[in-house]
Amino acid sequence: MEREKFSSRLGFILISAGCAIGLGNVWRFPYITGKYGGAAFVLVYLFFLLILGLPIVVMEFAVGRGSQKSAALSFDVLEPKGTKWHLYKFGAIAGNYLLMMFYTTIGGWMILYFFKMAAGQFEGMNSEQVSGAFGELMGQPVLMTVCMIAVVIVCFGICAKGLKNGVEKITKIMMVSLLALMIILAIRSVMLEGSSTGLKFYLYPDFSKLVESGISESIFAAMGQAFFTLSLGIGALAIFGSYIGKDRSLTGEAVSVTILDTFVALMAGLIIFPACFAYNIKPDSGPSLIFITLPNVFNEMSGGRVWGSLFFLFMSFAAISTIIAVFENIISFAMDLTGCSRGKAVAVNLIVIIILSMPCVLGFNLLSGFTPFGPGSNILDLEDFIVSNNLLPLGSLVYLLFCTSRYGWGFKKFTAEANAGKGIKFPNWARVYVTWILPIIVLAIFIQGYVVKFF
């Protein structure tokens, strides 16, 4: 069976960016920027995005295009005979399924909050009532299940239509809408009275704030965010490499995807910081920023119901674009491994994902007694920890070693694939860096994740 291809280069860039652009950009980035002092942290983050994230994106794309397979079979195709790189397929497959075990639930929250905001359900509420509304939602497993199932059905329905007519067509519309919504929301936020303090915090580097937070802790936070924002290491991007031709070099395409991903993260900050400072609300309130802090901001704002609805519509697009991209990966795993049709892969996985997503839904209510990391933790925290702190860094290490080691695919074969076509080439001078230094940095991020979590 001939492998499907994207109909356009724009489709490839927007879908790859849609996979990378997720709640990490919009939820984690503003929170972590607020925590580590604003603009100075953003500069450190951008530096690490360039030297950490970009080379691994190129490697994932190259492995996908070189093998013309998903991560389920890409290592089998490219590895030297007698080696065991293909065993990582189980890590990649597990990573994609685990990510969807909690991401579908959060996607359901986003869509529900869009409808709640559009219906004016938050109007007239004080901050305690807005907080109580989110707490009330956590205690409603049936409602959360319905929202999660709706997200799963819609996203698999899009994937069922195929790569060009479903995934590419819908993601293009969503990504263009997402970018337009962000620009509109950012302009509105910047024009608020009192927003200048937030703009200064976000755009004027003050390195003394970085020192206050602790230089080493701030650097590791920036490294971690640069690394996790692109969903590297589980083959989530490699699949899209397998759908493109050899007319463009992969470094140039990786640069385009990274720029788009970064633009969304920076614009999210431009929406959130001026608005929070205009209403004297702290921007470092963690995950509650989205569901508690921002509804309070919109309540205070003139025309807040409209702006809040647009914000949660944009958040829904950010979540759904990632879910569609990862579902496409999961479908491709099934097709590559079993030779089944797309329709059959969709039908089976739709049921599997719904069942696997239930522990996360129930972790906030019926299974709330299960606290894997002590009081206040839940099943979502455990699933996120397995993916973010283990499979992403260790998987990235596998891609790095596979593309640079003579016992793997090797640097020459990797660069031959990456540099095929027009555009920016992967530089030969980077060989020492990606072979010896970058793996040590990734390993340090992995270890730091455990230090922060347990010590």
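Gln-68 turns up in the loop that joins helix 3 to helix 4 (74-78), where helices are DSSP runs of H or I with at least four residues, numbered from the N terminus. This is a predicted model, so local features need pLDDT of at least 70 and side-chain atom pairs count only at pLDDT 80 or more, while totals for chains, interfaces and linings use all residues. Residues are numbered from 1 along each chain as its sequence is written, and side-chain values use heavy atoms, with hydrogens and water left out.

Back to that loop: Gln-68 is not a glycine, yet its phi is positive, at about 55 degrees. Most residues other than glycine have a negative phi. With a relative accessibility of 27%, Gln-68 counts as partly exposed; buried means under 20% relative accessible area, exposed means over 50%, and partly exposed is in between (1.4 Å probe, protein chains only). Ser-231 also has a positive phi, near 55 degrees, and is likewise a residue other than glycine. Ser-231 sits in the loop between helix 11 and helix 12 (238-241), and it is buried, at 13% relative accessible area.

Next comes helix 19, which covers residues 431-454. Its 24 residues reach 35 Å from the first C-alpha to the last, close to the expected 34 Å; the expected span is 1.5 Å times one less than the number of residues. Helix 19 has a kink of about 40 degrees at Ile-437, shortly before the proline Pro-439. The bend at a residue is the angle between axes fitted to the seven residues ending there and the seven starting there. Pro-439 is itself one of the buried residues of helix 19, and others include Val-434, Leu-438, Ile-445 and Phe-446. Among the elements covering the buried residues of this helix are helix 3 (39-67), helix 11 (215-228), helix 17 (379-404) and helix 18 (411-418). Elsewhere, the charged end of Lys-453 sits over the ring of Phe-373, 4.4 Å from the ring centre; for this, NZ of Lys or CZ of Arg has to be within 6 Å of the ring centre and within 35 degrees of the ring normal.

Helix 16 (residues 342-362) is where Val-348 lies. The 21 residues of helix 16 should span 30 Å at 1.5 Å a residue, and the end C-alpha atoms are indeed 30 Å apart. Val-348 is partly exposed, with 45% relative accessibility. Its C-alpha atom is 39 Å from that of Trp-307, and the two residues are 41 places apart along the chain. The buried residues of helix 16 include Arg-342, Ala-345, Asn-349, Ile-353, Val-361 and Leu-362. The buried part of helix 16 packs against helix 5, helix 7 (141-160), helix 8 (163-190), helix 15 and helix 17.

Pro-141 belongs to helix 7 and is buried, with a relative accessible area of 18%. It touches Val-361, Leu-362 and Asn-365, leaving aside residues up to four places away in sequence; contact means heavy atoms within 4.5 Å. Pro-141 and Asn-365 are 224 residues apart along the chain, but their C-alpha atoms are separated by 6.8 Å.

The largest nonpolar core has 168 residues, and Trp-109, Phe-311, Phe-314, Phe-327 and Phe-414 touch the most other members. Such a core is a set of buried Ala, Val, Leu, Ile, Met, Phe, Trp, Tyr and Cys residues joined through side-chain atoms within 4.5 Å. Helix 15 (residues 304-338) gives the most to this core, with 19 residues. As for Phe-414, its contacts beyond four places in sequence are Val-58, Met-59, Ala-62, Cys-403, Trp-409 and Phe-426.

Finally, the rings. The structure holds 40 aromatic pairs, in which rings of Phe, Tyr and Trp (its six-membered ring) have centres within 6.5 Å; planes under 30 degrees apart count as stacked, over 60 as edge-to-face and the rest as tilted. Trp-109 and Phe-291 make an edge-to-face pair, because their planes are at 90 degrees, with ring centres 5.5 Å apart. This pair links distant parts of the chain, with Trp-109 in helix 5 (residues 89-118) and Phe-291 in helix 14 (residues 288-300), 182 residues apart. Trp-109 is buried at 4% relative accessible area, and Phe-291 is buried at 1%. Phe-201 and Phe-277 form a tilted pair, 5.2 Å centre to centre with 40 degrees between the planes.

Methods. Helix = DSSP H or I, 4+ residues; strand = E, 2+ residues; numbered from the N terminus.
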